[in-house]
Amino acid sequence: MFEPLTRRLEFFSDALQLRAHRQQVLASNIANADTPGFVARDFDFRQAMDSVRSRGPELRAGAMPVLTGGDARHLRTSAALADVPDRNRVQYSVQTQPSLDGNTVDLDQQRANFIHNAVQYESTLRFINGHVRTMLSAIQGQ
């Protein structure tokens, strides 16, 4: 009975977690724009979302396992989610402007990606808020 009510929230939750993860990756690129030899990274959001959605519902709970790592001292969000970073592997971005110091960050492109992702993150939050309001309205009979 509750599955149809929560299915949409699960979708938005997955999208929100992936957007937050991508925001961290893009922020890291921007922060390292002047670091010699730094290679910009990013991931395909659509492919990552498809990968997350293909997981079973038992693996969907919990935060995006950004802190999961191979070291025993790393924080773990969930043992069941330990292989998610492998499925949503961050890849190197294609270099658009050659740099003498080996840095591949195109600062203008990274800023544009960062702002676009921030807008998408905000709209996902608004969708979640609207869905919760609709559910509360239905529960209260208004």
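## Caps, faces and salt bridges

Student: Which residue caps the N-terminal end of H2?

Tutor: Helices (DSSP runs of H or I, at least four residues) and strands (runs of E, at least two) are numbered from the N terminus. The relevant pairing is a polar contact: two N or O atoms within 3.5 Å, where within protein one must be able to donate a hydrogen and the other to accept it, and residues adjacent in sequence count only if both atoms are side-chain atoms. Here a side-chain oxygen lies 3.4 Å from the backbone nitrogen of Arg46, and the residue carrying that oxygen is Asp44.

Student: What pLDDT do side-chain atom pairs need in order to count in this model?

Tutor: Residues are numbered from 1 along each chain as its sequence is written, and side-chain values use heavy atoms, with hydrogens and water left out. The model is predicted: totals for chains, interfaces and linings use all residues, local features need pLDDT of at least 70, and side-chain atom pairs count only at pLDDT 80 or more.

Student: What pattern does the protein follow along the sequence?

Tutor: The protein has four helices and two strands. Read along the sequence, they give α-β-α-α-β-α.

Student: How many degrees of arc do the buried residues of helix H2 cover?

Tutor: Buried means under 20% relative accessible area, exposed over 50%, and partly exposed in between, with a 1.4 Å probe and protein chains only. In helix H2 (residues 45-54), the buried residues are Phe45, Ala48, Met49, Ser51 and Val52. They lie on the same side of H2 because their arc, taken from the directions from the helix axis to the C-beta atoms, is only 160 degrees.

Student: Which exposed residues sit on the face of H2 turned away from its buried side?

Tutor: H2 has its buried residues, among them Phe45 and Val52, on one side. The face turned away from that side carries Arg46 and Ser54.

Student: Which residue forms a salt bridge with Asp42?

Tutor: A salt bridge is a side-chain nitrogen of Lys or Arg within 4 Å of a carboxyl oxygen of Asp or Glu, and the structure holds two. In the one with Asp42, the closest N and O atoms are 2.8 Å apart, and the partner is Arg22.

Student: How many residues apart in sequence are the parts that this pair ties together?

Tutor: Both Asp42 and Arg22 are buried. Asp42 lies in strand E1 (residues 41-42) and Arg22 in helix H1 (residues 3-31), so the separation in sequence is 20 residues.

Student: What is the relative accessible area of Arg126?

Tutor: Arg126 forms a salt bridge with Glu122, the closest N and O atoms being 3.4 Å apart. Glu122 is partly exposed at 36%. Arg126 is exposed, at 58%.
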